[in-house]
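User: Please take me through this model, and for each label you use, tell me what it rests on.

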Amino acid sequence: MVKAVVAGAAGGIGQPLSLLLKLSPLVDELVLYDVVNTPGVAADLSHISSNAKVAGYLPADSGVKTAFKDADVIVIPAGVPRKPGMTRDDLFNINAGIVKGLIEAAAEVAPKAFILVISNPVNSTVPITAEVLRNKKIFNAQRVFGVTTLDIVRAETFVAEIAGKSTPQGLTVPVIGGHSGETIVPLFSQVTPKVTIPDDKYDALVHRVQFGGDEVVKAKDGLGSATLSMAYAGYRFTEKLLKAIKGAKGLVEPSYVYLPGIPGGKEIAEKVGVDFFSVPIELGPNGAEKAVDVLGDLTAKEKTLLEAAIKGLKGNIEKGVTFANQPPQQKL
């Protein structure tokens, strides 16, 4: 029996993500948690003729603990969008506080759950997650993932367009680093099957992968962000992890993780100079079974991108660790 929980299930990412998980034959019990609307979303999903039983909880009566209790997998897309007059620091403090509170609840009632963090900024919310669990003395790096799959999905799609491939999912495009802007480093030199990216299209392609979210915000006239594609990406990673937990072999997907706690990761962390970093991760029953080092064959352009990514990541990681240990006063 697999119990999967979506925290933030009534939101723009949470609802389609919950729908996809309801359709998965790998999920036996699907539990939804959010501050509003989850009973209604759960009732709606419960009418779908797939195996998973669905329940929805609100904050009242310790709903978060009831939702999380004994969960196998907790997926967290929870957070608020930026509102008029809100600074980026305001937004960070609110979303970081939301994630911190959810992880504290998970630590109490589901200490062995696999935790998949979607809530932005992932570069900081994963370090927050790790610090909270570490302070509770239950941190297991192999069970905590920052979901960067949307970067891989975009890279597959955009490379396929340029290379004239009709099946983007048939491509493997390693994307390393972090999960925002210049911290995202697509390794087009390591795409398999091999493709050739014309020099005159390379920079634009890198930029599109790094800032694809801006493309969606612009297309939605500022009224929304990447929710459907992010829901798909979150589902794709969750499904792959569930398959690996059940014993499937050879499943690899990049993810933003605490490298020193994962086999093969310490050496990569020493190379890049940061502990939290996304590389291809071999998944298995224990979660992150192995970090795959893809740094040996970088091109000169990729090395330049990597340097910029590491510089940005250091500040993002420090911000998350500081928040976890000395949370600032939130402004609402």
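**Enclosed and open space**

Analyst: About 70 Å³ of space lies in the largest cavity of this predicted model, where local features need pLDDT of at least 70, side-chain atom pairs count only at pLDDT 80 or more, and totals for chains, interfaces and linings use all residues. Residues are numbered from 1 along each chain as its sequence is written, and side-chain values use heavy atoms, with hydrogens and water left out.

User: What makes a set of points a cavity, and what makes one a pocket?

Analyst: On a 1 Å grid over the protein atoms alone, a cavity is a set of points where a 1.4 Å probe fits but cannot get out, whereas a pocket is an open set with protein on both sides within 12 Å along at least five of seven lines. The volume is the space filled by probe spheres set on the points, which are joined across faces, edges and corners. The structure holds one cavity of 30 Å³ or more.

User: Which residues line the largest cavity?

Analyst: With lining residues taken as those having an atom within 4 Å of a point, the lining of the largest cavity consists of A106, A107, A110, P111, A113, I115, L133, I138, N140, R143 and V144. By class, nine are nonpolar, one is polar and one is charged, where Ala, Val, Leu, Ile, Met, Phe, Trp, Tyr, Cys and Pro count as nonpolar, Asp, Glu, Lys and Arg as charged, and the others, Gly among them, as polar.

User: What is the volume of the second largest pocket, and which element gives the largest share of its lining?

Analyst: The second largest pocket has a volume of about 370 Å³. Among the 20 residues that line the second largest pocket, E156, R236, K240, V252 and E253 are the closest to its centre. Helix 6 (149–163), helix 9 (228–245) and strand 9 (252–258) each give two or more residues to that lining, and the largest share, six residues, comes from helix 9. Helices (H or I, at least four residues) and strands (E, at least two) are DSSP runs, numbered from the N terminus. The lining of the second largest pocket has eleven nonpolar, three polar and six charged residues.

**Helix packing**

User: Why is helix 7 described in this way relative to helix 11: roughly parallel or oblique?

Analyst: The axes of helix 7 (residues 199–210) and helix 11 (residues 300–325) come within 13 Å and cross at roughly 30 degrees, and that makes helix 7 roughly parallel to helix 11. Angles under 35 degrees count as roughly parallel, over 145 as roughly antiparallel, 65 to 115 as roughly perpendicular and the rest as oblique; they run from 0 to 180 degrees between N-to-C directions, with axes fitted to C-alpha atoms, for helices over the stretch in contact. In the contact (heavy atoms within 4.5 Å), D199, Y202, V206 and Q210 of helix 7 meet K301, E302 and L305 of helix 11.

User: Which description fits helix 5 and helix 11, oblique or roughly parallel?

Analyst: Helix 5 and helix 11 pack at an angle of about 40 degrees, with their axes 7 Å apart, and they are therefore oblique to each other. Helix 5 contributes N123, S124, P127, I128, E131 and N135 to the contact, and helix 11 contributes L313, N316, I317, K319, G320, V321, F323, A324 and N325. Those residues divide into seven nonpolar, six polar and two charged.

User: What makes a crossing left-handed or right-handed?

Analyst: A crossing is left-handed if the near helix is turned anticlockwise from the far one by less than a right angle, and right-handed if clockwise. Helix 5 passes helix 11 in a right-handed crossing, and helix 7 also passes helix 11 in a right-handed crossing.

**Backbone details**

User: Where do P121 and P193 lie, and which peptide bonds lead to them?

Analyst: P121 lies in the loop between strand 5 (114–117) and helix 5 (122–135), and the peptide bond from N120 to P121 is cis, with omega near -5 degrees. P193 is in the loop between strand 8 (184–186) and helix 7, and the peptide bond from T192 to P193 is cis, with omega near -10 degrees.
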